[in-house]
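Visitor: I'd like a close look at how the side chains pair up inside this one. Pick a good spot, start there and follow the contacts outward.

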Amino acid sequence: MTPHPALRLSDRIAELLTDPASMPAAWSSRPQWRQSLAHGAPGIALLHIERAAVGLGPWEPVRAWLSIAAGTAVTSGTDSYLYYGAPAVAHALACAAQARPGTYRRALDHLDGVVAADAVHRCEQAEARIERGALAMLAEFDTIRGLAGIGSVLLRRAPDGEAIRRILTCLVRLAEDVKHDGEALPGWWVLDGPSGERDERFPGGHANNGLAHGVSGPLALLALGLRRGVEVDGQREAMRTVLAWLERWRDAHAWPYWITPAHLTGPARRPLPPQRPSWCYGTAGIARAQQLAALALGDPRLRHAAESALATALVDAKALAATTDLSACHGYAGLAHIAQRAAIDASPRNAGRLRSAAALLLDTAHPPHADPDEQAHHLLATAGPAFLEGAAGTALALLAPVTGLAPATRWDTCLLTS
């Protein structure tokens, strides 16, 4: 079978990102460059690790990029999270060790201990906050900065350890209602805006539905843990609570990015305007989290609903018109990757729809007659080399839908899509 032309774009991006020394100083001089999974060396390393694992590239760039990521003291404690510091570097090294078993063992053993200790400390803080009856903050529990994201590293590296069970227990408690000003609110309601900072546009706070920053991250981790046989008291009930919330706010095949007090007290809901169906916010991330939950709970009805919503959203012309880039986070490549991931787990009927959607998304990401060299240079110039919103993540997210296979290194555990 002839590979999709999008593979040429992925190949060309990888070629341009082979040598860390060739990166523009505007990027490599940034403080987060060495340890940021989203913006720096660990995320770019993921691209080369996956390519080496599937025979598309050499191992030398892997060593070069990982030497930057792990070449200095790694940040731990409150300043670290899945996308920065010890968990970020641990994720990249774990992917490399998946490709070459036995490599980076000493570094991983050290990082495993650091990440687990930091996770337990975070759980102690979350438990104390719950006991005070205070509202949560997004950085406590979300995928990017919180317990859900750190849990993805622990579930992979130490599924039998205390730390992952502590995290799952905290996320179960997150599903309990909390009283605020006499009103019962979901436990993941925060007083901040979606950025994690106070925002005058959200005077009463909000409940975030997204996979990156909202409750779909905890839902996905609870589901992935259950599928791995890691279960704590109340885990299934907590998942059902979150699923019921998402069902309450579903509008056909889409969900609002967040719920505000106006949603809770206002008149009947209006149809959602067209919005991009991305990983970070929107249908792609939420529906994948629901599919994972359905698989974990053995719920074929929920599974069909999630898969159907995703397949429909990915061919919705108005929704796709709101998608304006190629990125793994909220662009066409990321959507194609999730479509392929979901298709692997889907019922035969929905799998066909999802693979068809992935093929259309690939054509949009890289039209068959486009010049991959020109497109790769343009992408680097406009979006930069980063993983989450830049060229490296685009190239990486294209690989699974192009090949029709799941990632060999499970790099996308950092997205909580697997």
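Guide: Let's start with the term we need right away: a salt bridge is a side-chain nitrogen of Lys or Arg within 4 Å of a carboxyl oxygen of Asp or Glu. Before using it, keep in mind that this is a predicted model, where local features need pLDDT of at least 70 and side-chain atom pairs count only at pLDDT 80 or more, while totals for chains, interfaces and linings use all residues. Residues are numbered from 1 along each chain as its sequence is written, and side-chain values use heavy atoms, leaving out hydrogens and water.

Our spot is Arg 145, which forms a salt bridge with Asp 142, with 3.4 Å between the closest N and O atoms. Arg 145 and Asp 142 are both buried, where buried means under 20% relative accessible area, exposed means over 50%, and partly exposed is in between (1.4 Å probe, protein chains only).

Asp 142 has another partner: its side chain makes a polar contact with the side chain of His 213, at 3.1 Å. For that term, two N or O atoms must be within 3.5 Å; within protein, one has to be able to donate a hydrogen and the other to accept it, and residues adjacent in sequence count only if both atoms are side-chain atoms. You'll find His 213 in the loop between β3 (207-208) and α10 (216-227). Those labels come from DSSP runs numbered from the N terminus, with helices being H or I runs of at least four residues and strands being E runs of at least two. His 213 counts as buried because its relative accessibility is 18%.

Who else does His 213 touch? Leaving aside residues up to four places away in sequence, the list is Leu 138, Phe 141, Asp 142, Ile 144, Arg 145, Asn 208 and Tyr 281. Contact here means heavy atoms within 4.5 Å. So both members of our starting salt bridge are on the list, and Tyr 281 takes us on to the rings.

A quick word on those: a pair of aromatic rings is described by the distance of the centres and the angle of the planes. Rings of Phe, Tyr and Trp (its six-membered ring) pair if their centres lie within 6.5 Å; planes under 30 degrees apart are stacked, over 60 edge-to-face, and the rest tilted. There are nine aromatic pairs in the structure. One of them joins Tyr 257 and Tyr 281, and it is tilted, with 5.3 Å from centre to centre and 35° between the planes. That pair links distant parts of the chain, 24 residues apart: Tyr 257 is in the loop between α11 (235-249) and β4 (258-259), and Tyr 281 in the loop between α12 (261-265) and α13 (283-297). Tyr 281 counts as buried, since its relative accessibility is 13%. Add Phe 202 and Trp 258 to these two tyrosines and you have one aromatic cluster.

From Tyr 281's loop, step into helix α13. Arg 288 forms a salt bridge with Asp 345, the closest N and O atoms being 3.0 Å apart. This one also links distant parts of the chain: Arg 288 is in helix α13, Asp 345 is in helix α16 (residues 332-345), and they are 57 residues apart. Arg 288 and Asp 345 are both buried.

Which other charged pairs fit in with this? By the same salt-bridge rule, the count comes to 18. Among them is Asp 11 with Arg 51, at 2.8 Å from N to O. Asp 11 sits in helix α1 (residues 6-16) and Arg 51 in helix α3 (residues 41-53), so this pair, 40 residues apart, links distant parts of the chain too. The two ends differ in exposure: Asp 11 is partly exposed at 22% relative accessibility, while Arg 51 is buried at 8%. There's also a network of salt bridges that links Arg 12, Glu 15 and Asp 373.

Last, the cysteines: a disulfide needs two cysteine sulfur atoms within 2.5 Å, and the structure holds zero of them. Cys 95 is in none; its nearest cysteine sulfur, in Cys 414, is 7.2 Å away. For Cys 123, the closest cysteine sulfur is that of Cys 170, and 3.8 Å is too far for a bond.
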